[in-house]
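Here is a small set of exercises to work through with the model open beside you. Try each task first, then follow the solution step by step.

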Amino acid sequence: MTERQAHTIRLADYRPPAYLVDHVDLTFELAPHGTRVVSELTCRRNANSDGDGPSPLWLDGDDLELESVSLDGQPLAANRYQRRKDGLEIAEVPERFTLTVVTRVDPVDNTTLDGLYQSSGNFCTQCEAEGFRRITFFPDRPDVLSRYRVTVVAEKASCPVLLSNGNPVEQRDLDDGRHLAIWEDPFPKPSYLFALVAGDLKSIHDQFTTLSGRTIELGIYVEPHNIDRCDHAMRSLIKAMTWDEESYGREYDLDVFNIVAVDDFNMGAMENKGLNIFNSKFVLARSETATDQDYEGIESVVAHEYFHNWSGNRVTCRDWFQLSLKEGFTVFRDQEFSADMGSRAVKRIQEVNLLRQAQFPEDAGPQAHPVQPKEYQQINNFYTATVYNKGAEVVRMWHSLLGWEAFRCATDRYFDRFDGQAVTIEDFIEAMAEQADFDTAQFRRWYDRAGTPILHVRKRIEGEALVVEFEQEIPAVGGQSDDAPFLIPLRIGAFDPSGKPVCISELGESGVSGRDGVEESTLVLAASKETRRFRLPAGVDDVVLSINRGFTAPIKIEHAYRDDELAVLASADTDEFNRWDAFQRLVLKILVARVREAGDVGEWPDTTLPEGLSRAFGELLHAAVSAEGGVDARFVAECITLPPESTIAEQFAGDVPVDAIHRARIELREQLANEWSQTLMLVHGKAVIEGEYQFDGADVGRRAFRAQALAYLNALDHPAWRRLAIDQLAEADNMTERFNALVALAVRESAERDEALASFAEEWADDPLVMDKWLALRARIVAPDDTETLADLEAHPAFSIRNPNRVRALVGTFSRANPVAFHAATGSGYRWVADKIIEIDGFNPQIAARLATVFSRWRRFDGARADRMRTELERMIGRPGCSRDLAEIAGKALK
């Protein structure tokens, strides 16, 4: 079996484990090379497993050196077990037994960052999804729940801190310069939640008192030089613990809760029971080195991992096909937490932006899969926007359809009924269905069917009635072509042409309205085609529809909006999300029309700034700066941010005109800046914040608004605007304002830009997280075919191809946020990224596979580009030693 000949795992083939492990006693004798792991498993035959007779015991194991195996204290001879490449099989075992396995692993040489490895000289683990099998032989599947007792032994001088899951039991010195710590977790958990950290770390501590009066000891551990960057993460943790008690009634259960930040980490963070391990990006912050976005990211991710204590740990997944059970639910919970901590409208805009920019394209290409996948080869490839973000939208629809009180009753039932169990999405649906008054069987399609539903909406006026027709279009993707309708909750409203809300009431079959008119209605659509009739107030003969308000369903809306109708919604819609969406739709219409016109005539057309768009843009600016405007500056900053080139590209079914999109977006940004330059200058001046940096909603909004104003001004080739940015870069006392100025200078090429970028890199050369921002900014502005600059960035001391954060900053940003260079007609961008993927695949297949998804939709581009992208995919998969992770992604793309 070659490395890339992975077998397909199917949900339909699930069978309960033949044996359960009630207790795990682990002893680690840590060493950089040759860590010794003694695993003592208390096992019993599973009465609920399939089959009548005894089954062999199977233990997963990967890249382990086996030292010995003992059954009930008796060593097993080599002929009593069979060692395979991916595990260990013992043919004959009793009903109940104790198995002791001794293995050795090499943390230093574990470059996959999966299992037990070293980061900056410290030992740490990552076991989700299948990393525990790289530590010891074990039935490494989420439906085997065990209580763990862990003894960690290490040199005290190099590893003064020894941490694991659960509560501390004992710590003492040994006679040989080593010391040990014993940790015990009283709650049964799957192996993917195991964690261990040992090293030279400093910590800050606090306490949290639960609703029942228990005192929880909180700790955050970091490398010594980062000890002054932990306060915000600790505040975020305490906020999350308070919010989960108040919102869901969920109290923390252990005596301690620890967080550890490490520099080398494949993911964002990991919710290991009682010992969360974080990518340092989502822990470390102080105002001089972290931006508002960093502060928000830390608050959100800390909350997400903490919320997993119940939605993922106390109630966990039966198998990996249920991944969205924990991730979709927990993403929804952290989204609601963040909305309560800041601006609910802005948070919703950010969520939908992520969905449209990442999940919608994923759902339309060869990597498309349902929220609950039915098969996979490598589970690491299914930590996707569909499982996380679309999964969260499905939970949000439960919340919308049930209402908060019924939803809370359903979640209480879910947690109480399944506490301490490994369960399925069906179990979650059952808990929800007991509160529902709608067809939950039809709602199940949201979990089972890949693809983004398209809702076509048509309206007409018949006398005093508004008639709205709805038609669902279900695209064929991911091997699924059935077109049965979804159950779709849809909030709608209406406005007259002047922007005044119109109260409408739905008419029954008799033509009589059952209630007075309302400004907003929630419809539940269940048929492929439906017609709804609404009574209009007297004197209203036309309305502008506000559809899918608050983005109640993860769908695409197709409605023939005129430009003037979008302008009305952009200035007057009372639903802030739809107001933002209307402005974005108006911008997209104009950009797409310009690109299509350029393609039709074969040359770039003469264009002027459309009056409706200009007026809407100006109204937003004035509303934010005027004393009586009452509009959140952060919301306006989101509104006036032009859609990225990737979003514009999604409006084209094929032969994406990469260069024309790039030019059209630049031109429109310059036109808006030129038309409103004086107002933008006023905005930049009025939004100055006096006093020390504060991370609060008002200040964050003003900084974001000011950043947009400065970026627009620097779209114009004018020394005065560059001087504004240079002065802000020099005078600001916080990284948000400084980096915003650098981003503004980077909008267009200039000597001042180059000088500022060089000075910034020299100043922050010793701070990896700050340099990640610099690398990402440089990657966004690399010109097409500028292979020399790419080579310089790759050789820069700030970059390391072994570190996932550095790789995401440079390679990830270049391939996803610089489409005009990545898609250079010569193929130079494709070659450079593919070279990096192939190199990374040799030591970290997870990161390589995630990077490779950018090639998945190669068929959407013109013939020459498509051929070059396909060639690079074939080069990745065709070489000897291609990992199974990368082979699955590239293989699907080529299929």
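**Exercise 1. Find how strand β27 is paired and describe the sheet around it.**

Step 1. Strand β27 covers residues 488-495 and is joined to β31 by 4 bridges, the two running antiparallel. Helices and strands here are DSSP runs, numbered from the N terminus: helices are H or I with at least four residues, strands are E with at least two. Strands pair if DSSP finds at least two bridges between them.

Step 2. To fix the register, look at Ala 494, which stands opposite Leu 545 in β31.

Step 3. Now widen the view: an open sheet of 3 strands has the order β29-β27-β31, with antiparallel pairing. Its edge strands, each pairing on one side only, are β29 (520-525) and β31 (544-547). From one strand to the next, the twist averages 30 degrees.

Step 4. Add the helix: α10 (residues 563-572) packs on the sheet and touches β27 and β31, and its direction makes about 60 degrees with that of β31. Contact means heavy atoms within 4.5 Å. Axes are lines fitted to C-alpha atoms, for helices over the stretch in contact, and angles run from 0 to 180 degrees between N-to-C directions.

Before going on, a word on the source. This is a predicted model, where local features need pLDDT of at least 70 and side-chain atom pairs count only at pLDDT 80 or more, while totals for chains, interfaces and linings use all residues. Residues are numbered from 1 along each chain as its sequence is written, and side-chain values use heavy atoms, with hydrogens and water left out.

**Exercise 2. Trace the two partners of strand β2.**

Step 1. Strand β2 (residues 19-29) runs antiparallel to β3 (residues 35-45), with 10 bridges between them. In this pair, Val 21 stands opposite Cys 43.

Step 2. Inspect the turn: the hairpin of β2 and β3 has 5 residues between the strands, and Gly 34 takes a positive phi near 80 degrees there.

Step 3. Turn to β12 (residues 146-155), which is parallel to β2 and joined to it by 7 bridges. Here Thr 27 stands opposite Thr 151.

**Exercise 3. Locate the nonpolar cores and their best-connected members.**

Step 1. The largest nonpolar core has 216 residues, of which Trp 398, Tyr 414, Phe 443, Phe 705 and Phe 855 touch the most other members. Such a core is a set of buried Ala, Val, Leu, Ile, Met, Phe, Trp, Tyr and Cys residues joined through side-chain atoms within 4.5 Å. Buried means under 20% relative accessible area, exposed over 50%, and partly exposed in between (1.4 Å probe, protein chains only).

Step 2. Helix α11 (residues 576-601) supplies the largest share of this core, 12 residues.

Step 3. Apart from this core lies another, of 72 residues, including Val 37, Leu 66, Val 69 and Cys 127.

Step 4. Take Phe 855 as a worked case: beyond its neighbours within four places in sequence, its contacts include Phe 822, Tyr 830, Ile 837, Met 869 and Met 876.

**Exercise 4. Work out what covers helix α28.**

Step 1. List the buried residues of α28 (residues 884-894): Asp 885, Leu 886, Ala 887, Glu 888, Ile 889, Ala 890 and Ala 893.

Step 2. Look for the cover, which includes β23 (375-376), α25 (828-841), α26 (845-852) and α27 (863-878).

**Exercise 5. Sort three backbone oddities by place and exposure.**

Step 1. Recall the background: most residues other than glycine have a negative phi, and most peptide bonds are trans.

Step 2. Asn 548 has a positive phi near 60 degrees and sits in the loop between β31 and β32 (556-558). Is Asn 548 buried or exposed? Asn 548 counts as buried because its relative accessible area is 2%.

Step 3. Asp 655 also has a positive phi, near 50 degrees, in the loop between α14 (645-649) and α15 (658-675). Asp 655 counts as exposed because its relative accessible area is 51%.

Step 4. Finally, a cis peptide bond with omega of about 5 degrees joins Glu 128 and Ala 129. Ala 129 lies in the loop between β11 (122-126) and β12.
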